[in-house]
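Visitor: I am new here and would like to know how the labels on a model like this one are earned. Could you show it to me?

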Amino acid sequence: MTGSRDLTDIADRVVGWAADGEAVEAVVGRSRHTEVRAYEGDVESLSSAESMGVGIRVVLGDRQGFAYAATFDDDVLAETLAEARDNASFASPDPHVGLAEPDGVAVPTLDLFRPSLLQVPTEDKVAMALELEALVRAGDPRISGVESAEFVDAMGEACVASTTGIRSESASTACYVAVSCLAEEDGLTQTGFGFSVGGELGDLVPADASDDAVMRSTRLLGATKPASTRATVVLDPYVTAQVIAILGSTLSGEAVLKGRSPFAERLGDEVGSPLVTLVDDATNPLAYTASATDGEGLASRRTSLLADGVLQAFVHNAYTGRWAGTASTGNAVRGGFKSTPGVGCRALALAPGQLDQPALLRQVGDGVLVSSVIGMHSGVNPVSGDFSTGAEGLRIAGGELGAPLREFTIASTLQKMLRDVEAVGSDVDWLPMSAAGVSLVIRDVTISGT
Amino acid sequence: MAVIEEDVLSRVLGAALQGGGEFAEVFAEDKRSTSAVLDDGRIEELASGRDRGAGVRVISGETTGYAHTSDLSEAGLRAAAEAAGAAARRGGGGSNVVALDRQAVRHPSTVAIQPEDVAKATKVELLRRADEAARGADGAVRQVSARYGDSRRRILVANSEGLLTGDDQVRTLFSVGVVAAGDTGMQTGRQSVGHTVGFELFDRYEVEDMARKAASRAVTKLGARPAPSGEMPVVIGAGGGGVLFHEACGHGLEADLVAKGASVYRDRVGQQVASPLVTLIDDGTVADEWGCFGIDDEGSPAQRNVLIQDGVLTDYMWDVTRGRKEGRPRSGNGRRQSYQHLPMVRMTNTFLANGTEDPADIIAGTDHGVYVAQLGGGSVNTATGDFVFGMWEAYLIEDGVVTEPLREGNLIGNGPQVLTDIEALGDDFAMGSPGTCGKDGQGVPVGDGVPTLRVRSLTIGGTAA
């Protein structure tokens with residue numbers, strides 16, 4: 001562990017190469033990760049990886065260009081800067097183009113780097129993957145196989161620096177165990193998954209991951225296809241998180257300004273049930289995607305998107321903030337050093353309600369619990385709002401979970417689902433994604449089956 | 001790419017096997033890419049990227065060790081080799097130096113114009129033309145985005161069996177997305193074309209045609225009614241529906257999933273798994289198609305594999321790991337996203353062989369159902385066989401006639417059931433749009449294709465009764 005000092009040196013050097021009259025931003029990143037997979041009591045694979053590189057953005061007047069290179073080699077970086085500069089000359093002039101500028105918002109102190117993770121011997125990582133696989137296999141006599149059982153750890157460091165005075169360093173560690181298993185009964189197979197996430201080894205609870213995977217796979221055994229109907233659905237926290245993430249994408253400044261959001265003209269309107277309060281807050285250390293700064297090096301901050309169903313705000317990076325006549329909300333997102341900053345929600349969470357899932361089920365009485373969805377990317381259109389996704393789950397009858405169901409879809413529109421929210425659970429679950437999970441009750445959803 | 005000397009490779013492979021281990025491999029990659037994006041009427045971004053590095057894999061017993069580096073010097077490669085060897089650590093002394101035998105490779109495609117030789121201004125001009133054509137296509141068009149992308153990926157594979165080979169893979173892609181708005185809100189349409197060729201792609205396709213197709217899809221959907229809900233016959237248009245087979249059975253025929261019991265097609269070789277109309281082929285040698293190459297990412301030449309012949313399952317797809325375990329030859333299906341990833345069993349171009357019926361008769365023979373002209377992406381749970389795919393362009397069929405357009409939604413079905421339910425196959429085979437297939441977090445380019453066909457019953461995930 002050399003610290004991100006050397007990354008900052010590289011970023012400073014690239015920024016120092018800026019010619020007169022041009023603005024340059026360098027994002028320098030390095031990450032390491034280890035992945036151990038266990039299979040049938042043995043190590044199936046062990047991979048270790050380190051990747052690094054520099055992304056360079058050049059703004060010349062009102063044009064922007066970008067190039068990246070997956071190396072720290074000075075000659076290549078000089079070439080990459082030249083390439084970015086050349087690329088800028090082909091961009092259309094755009095008065096809003098520009099790098100982020102320091103905005104005075106204090107960078108929060110978040111404890112996201114756990115040096116202890118870097119000290120873990122490989123044997124311990126292997127042992128944890130093997131333990132997880134063994135737990136699942138022993139978890140229920142109906143478990144017929146473990147498709148994958150893995151331990152993964154990752155360390156990432158980055159520095160963003162620019163001629164406009166940005167200079168931000170960040171470093172974080174994360175690790176998780178994840179398992180996906182098969183359960184079999186009467187010749188029919190079902191699958192389940194589970195995981196446990198943390199910042200260091202001691203945070204991980206393989207038994208939780210195992211219990212989830214075993215429960216998810218075995219409770220679906222014997223599942224049948226339901227008849228088509230309209231019903232009240234209860235989304236499991238993991239499903240809610242995926243729905244919220246798509247909703248968040250419709251609230252990005254870019255989608256709004258470019259006319260691709262169904263909520264573009266709705267600021268200040270009551271677009272959802274009064275039960276819906278949605279916040280984006282990457283400063284929350286509980287969030288898996290917590291980070292002190294955004295992809296342009298500005299401080300992360302809390303943005304209230306929906307309060308009691310009323311649309312409060314959209315999220316912005318420096319570019320869309322300028323275009324919208326406001327300012328960045330610290331929502332520049334980028335996929336490492338290989339891309340320019342986009343704009344998006346970073347750590348979404350619904351304000352929780354009063355009831356846990358069993359109490360919600362009793363309140364619903366009759367309906368469907370959706371335990372997993374498939375095909376969100378193919379059946380949900382964040383521009384039109386049309387929503388349709390494959391689903392598995394359990395019937396809710398008399399306030400209790402009943403027969404397992406499979407091979408059906410749930411459909412509505414994002415706009416209508418927001419209005420049809422009947423309850424938000426109290427069971428907030430910080431999942432390894434950019435949105436937190438919570439049980440969510442939505443009425444009048446179309447179930448397509450037989 | 002920076003050439004790695006043959007004797008360096010020999011020594012690195014030797015070092016990889018030093019701690020014991022039966023198989024070692026060096027995979028080196030040098031990829032350059034360009035992308036240009038137009039959105040909201042402006043050329044937003046022209047970006048260039050360079051990725052270069054090597055991964056070393058060591059297989060020892062049941063264990064695979066893997067490490068990669070962006071340092072292609074002998075010292076860098078040896079460090080990766082030692083890390084991979086240690087990861088696979090299992091007893092026994094090792095071999096030392098591996099003798100390599102360079103293999104000639106015949107790439108299915110020839111590249112007429114290297115994209116790197118084309119001026120950036122020429123690439124950017126394509127985007128402007130597409131923008132203009134889409135906006136001019138209909139007054140309801142509100143927003144247009146277009147993307148140009150090219151990549152040149154040079155790879156080298158050397159392994160302890162003595163193999164030394166390489167490939168030069170050039171791909172060019174263009175896509176257009178359109179938003180149209182009307183009284184019913186907004187709708188989207190898109191069109192993309194991609195081939196394993198150079199810039200001559202644009203001698204074969206007019207970007208204006210692509211733009212107008214995308215615009216027409218968006219505008220048509222403004223008048224669309226909600227898709228129905230429930231089971232009904234579905235006719236899938238030629239070229240528009242290959243993803244159906246990619247999801248319904250392609251993934252389930254990948255030997256790694258089969259071996260782990262995570263496939264409904266396990267233990268079914270030699271059995272009737274589909275309607276006798278179905279002959280399914282995976283073929284990495286189809287010239288110019290998005291999923292073609294000279295060698296796969298383990299150095300095996302691309303080949304044509306018949307997976308299902310007249311409804312009977314003939315074979316699975318294989319890579320080095322699964323082939324070694326089961327004493328099987330590789331089938332040219334070992335692929336990886338980049339040098340940072342371990343290869344897995346992956347599809348290439350997966351398609352259905354042509355049928356004999358007139359596609360017009362297939363539609364006319366459908367009383368009440370849905371005609372899907374273009375499928376979107378899909379997903380599958382290979383263990384249960386349940387899969388979904390999106391419909392980006394679909395219509396009702398009423399009394400044998402294609403009528404009203406439908407809004408978007410997913411279709412859901414079960415692979416083995418759908419394969420048996422294929423009841424009509426047209427004579428109008430066409431390859432479809434370029435796709436990126438995701439598995440275990442790795443994306444690789446794949447192609448697909450089908451003639452017009454009818455499935456007896458699929459569940460349409462709409463909202464209408």
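Guide: Let us start at Asp288(B), which sits in the loop between strand E9 (280-283) and strand E10 (304-309) of chain B. Strands are DSSP runs of type E with at least two residues, helices are H or I runs with at least four, and both are numbered from the N terminus. The model is predicted, so local features need pLDDT of at least 70 and side-chain atom pairs pLDDT 80 or more, while totals for chains, interfaces and linings use all residues. Residues are numbered from 1 along each chain as its sequence is written, with chains lettered from A and ligands numbered from 1 in the order in which they are written.

Visitor: Why is Asp288(B) called partly exposed?

Guide: Count the other C-beta atoms, placed from the backbone, within 10 Å of a residue's own: 20 or more makes it buried, 12 or fewer exposed, and anything in between partly exposed. Asp288(B) has 18, so it is partly exposed. Asp308(A), with 13, is therefore partly exposed as well.

Visitor: What is the phi of Asp308(A), and where does Asp308(A) lie?

Guide: Its phi is near 50°, a positive value in a residue other than glycine. Asp308(A) is in the loop between E9 and E10 of chain A. Asp288(B) also has a positive phi, about 75°, without being a glycine. Most residues other than glycine have a negative phi.

Visitor: What makes Gly65(A) buried?

Guide: Gly65(A) has 25 C-beta neighbours inside 10 Å, so it counts as buried. Its place is in strand E3 of chain A. Among the residues it touches, leaving out those up to four places away in sequence, are Val58(A), Arg85(A) and, from chain B, Leu46(B). Two residues are in contact if their C-beta atoms, placed from the backbone, lie within 7 Å.

Visitor: How do you know that strand E3 (63-69) of chain A pairs with strand E2 (residues 42-60) of chain B?

Guide: Strands pair if DSSP finds at least two bridges between them. Here four bridges join E3(A) to E2(B), and the two run parallel; the requirement is therefore met. Tyr68(A) stands opposite Gly49(B) in E2(B).

Visitor: How many residues of chain A and of chain B are in contact?

Guide: 60 residues of chain A are in contact with 64 of chain B. E2(A) supplies the largest share of the chain A side, ten residues. By class that side has 17 nonpolar, 32 polar and eleven charged residues. Ala, Val, Leu, Ile, Met, Phe, Trp, Tyr, Cys and Pro count as nonpolar, Asp, Glu, Lys and Arg as charged, and the others, Gly among them, as polar.

Visitor: Why do E10 and E13 of chain A count as edges?

Guide: Four strands of chain A form an open sheet in the order E10-E9-E8-E13, with antiparallel pairing. Strand E10 (310-311) and strand E13 (348-350) each have a single partner strand, so one side of each has no neighbour in the sheet. Farther in, strand E8 (residues 278-281) and strand E9 (residues 302-307) of chain A are joined by four bridges, and Val279(A) is opposite Ser304(A) in E9(A).

Visitor: What makes strand E5 (residues 141-159) of chain B mostly covered?

Guide: Of its 19 residues, 14 are buried. E5(B) pairs in the antiparallel sense with strand E1 (residues 23-39) of chain B over 15 bridges, where Phe27(B) has Val157(B) as its bridge partner. E5(B) is also joined by 17 bridges to strand E6 (residues 163-182) of chain B, again antiparallel. In the hairpin of E5(B) and E6(B), with three residues between the strands, Gly162(B) takes a positive phi near 100°.

Visitor: Which helices of chain A come within 9 Å of each other?

Guide: Helix H3 (residues 122-138) and helix H4 (residues 206-219) do, by their axes, which cross at roughly 35°. The axes are lines fitted to C-alpha atoms over the stretch in contact, and angles between N-to-C directions run from 0 to 180 degrees. The contact includes Leu132(A) of H3(A) and Ala213(A) of H4(A). Its residues divide into nine nonpolar, one polar and one charged.
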